[in-house]
There are 2 protein chains.
Amino acid sequence: MNDDIRRILLRVAYDGTAYHGFALLKDDSETIEGHLEEALGSLHGEPVCVIGTSRTDSGVHALGNAVVFDTASSIPAENFPDAINTRLPSDIRVRSAMEVSSDFHPRHTDTIKTYRYAIDNERIADPLRSRYFMHVGYKLDTDRMNEAASPLVGEHDFKSFCSVHTQAKTTVRHITGIKVERNDTEIYITVKGYGFLYNMVRIIAGTLIEAGRGKLDAGDVSRILQAADRSANPAPTAEAKGLTLMDIDFLSLGPA
Amino acid sequence: MNDDIRRILLRVAYDGTAYHGFALLKDDSETIEGHLEEALGSLHGEPVCVIGTSRTDSGVHALGNAVVFDTASSIPAENFPDAINTRLPSDIRVRSAMEVSSDFHPRHTDTIKTYRYAIDNERIADPLRSRYFMHVGYKLDTDRMNEAASPLVGEHDFKSFCSVHTQAKTTVRHITGIKVERNDTEIYITVKGYGFLYNMVRIIAGTLIEAGRGKLDAGDVSRILQAADRSANPAPTAEAKGLTLMDIDFLSLGPA
């Protein structure tokens, strides 16, 4: 093993509007990962691979995604953000960098992820929110939404809350908390957990929206959860644009 | 005069990013006014002219601009927003409509306009703010900014704070208040007044940013104001994208 190789963890923010998700295996559409690898390659003068933590969907935003890469350069960790940012489009920004141990793998370590789903709850959509909020024109009852969220907290089989296209080995996941808050006509659903299935937060948001308009209650959510079948959940998957990955807490690294 | 003709006042919000300002006299670039006239024309089946209140610059946003138009239709005023919005691009929205007297002219009546200038004051720009905030990476001192703003409040000749391309007959204007507030890494400059010159709020924002980084103080701002000459003001015009027209209070109409 080469002692001169360091592993660097980057915290990354992006506006996902223009991108086909964080990473994509199938074709060569523009991705966040692709731009990060291009910027790092330009900085190092040779190809650099990044290992991502969370493969956010097409159109989903992030303030706190994280990637690692290995470098033989002598650039101090704290200088990487500026050096990389000058090589990135303005809708992607590296917010910080730190050295981690060479065996740190961001997908094989315990994390708590925090997602936020934003709803524009004005009757007429606010055009200054439309890039980052899903518009719901009928008034939502956030007390009902919080009640309907409570059965989801804890360790459960979330098969009714994930895309039928999931390839996950198990659909059991552990949500540590869900909070629905209103600030005038903005509603924020904050979901924290040890990991999420494909589309899971957007389906939870869609379900809580149905609860907020009086179509579902906490009892219905319990029954949907127990059914362990996406088709048992009448709620649609909420739009990608309302979702932001706020933070990834790597438990082995201590507070960010 | 036709008694069946009603004058309708619309409150309009838009994301100015894609537009060449509210209205433009020279060519046929896309404007907010052009889209409103097209939507109203489609609704009425004949051309409809709108009279705008505030001709915001290219790239400037609005939550509370206002226009009037005349209609012979029997559509109740409160039904106009939905009827027009279905004919508008999603980055322009009519928020409300009310009938006003047929001799009401939005530019020939006293108004107090409220503008808000937004600054992203994180060292590394937040990509989720970049559409609506100007990024200033060095930390700004908002106490200094508030002090530097105080000489601008009241009735003054604002020639040092307007574009040299102004065609206004007089450069005397009356600012009723300026407030600079910080919310974590977001800074908002709110400016209220009876009317503004071309680029005036953006030059005030540029001047207060210079004050916030320690380059100018309240004494300098007083001297710049007295010079009545744009070239006496070293501050640049702040970027259009940070500016939003929040509200227009038509004093003759009472509270909105």
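Here are legends for a few close-up views of this predicted model.

**View 1. Where chain A meets chain B.** Each partner brings a fair share to this contact: 25 residues come from chain A and 25 residues from chain B. Putting the two together buries about 1800 Å², and carbon and sulfur atoms give 59% of that area. On the chain A side, look for A:I124, A:P127 and A:L128, which lose the most area to chain B and together make up 36% of what that side buries.

**View 2. Charged and polar links across the interface.** Four salt bridges are counted between chain A and chain B. One is worth zooming in on: the side chains of A:R123 and B:D82 meet at 3.1 Å, N to O. Four residue pairs are also found in polar contact across the interface.

**View 3. What chain A brings to the interface.** The elements giving two or more residues to the side that touches chain B are β1, β3, α2 and β4 of chain A. β4(A) supplies the largest share, four residues. Sorted by class, this side of chain A has 12 nonpolar, four polar and nine charged residues.

**View 4. Helix α3 of chain A and its buried face.** Helix α3 runs over residues 142-149, and A:T142, A:M145, A:A148 and A:A149 are buried there. These residues sit on the same side of α3(A), because they cover an arc of only 120 degrees around the axis. An α-helix has 3.6 residues a turn, so residues three or four places apart point the same way. The cover over the buried residues of α3(A) includes β5, β8, β9, α4 and α5 of chain A.

**View 5. The cap on α3(A).** At the N-terminal end of the helix, A:D141 acts as a cap, with a side-chain oxygen 2.9 Å from the backbone nitrogen of A:D143.

How values were computed
Residues numbered from 1 in each chain as written. Chains lettered and ligands numbered in written order. Predicted model: local features only at pLDDT ≥ 70, side-chain atom pairs only at ≥ 80, totals over all residues. Heavy atoms only, no water. Contact = heavy atoms within 4.5 Å. Buried area = accessible area lost by both parts, 1.4 Å probe. Polar contact = N/O pair within 3.5 Å; in protein donor to acceptor, adjacent residues only side chain to side chain. Nonpolar A, V, L, I, M, F, W, Y, C, P; charged D, E, K, R; others polar. Buried < 20%, exposed > 50% of the residue type's maximum accessible area, 1.4 Å probe, protein only. Arc of directions from axis to C-beta.
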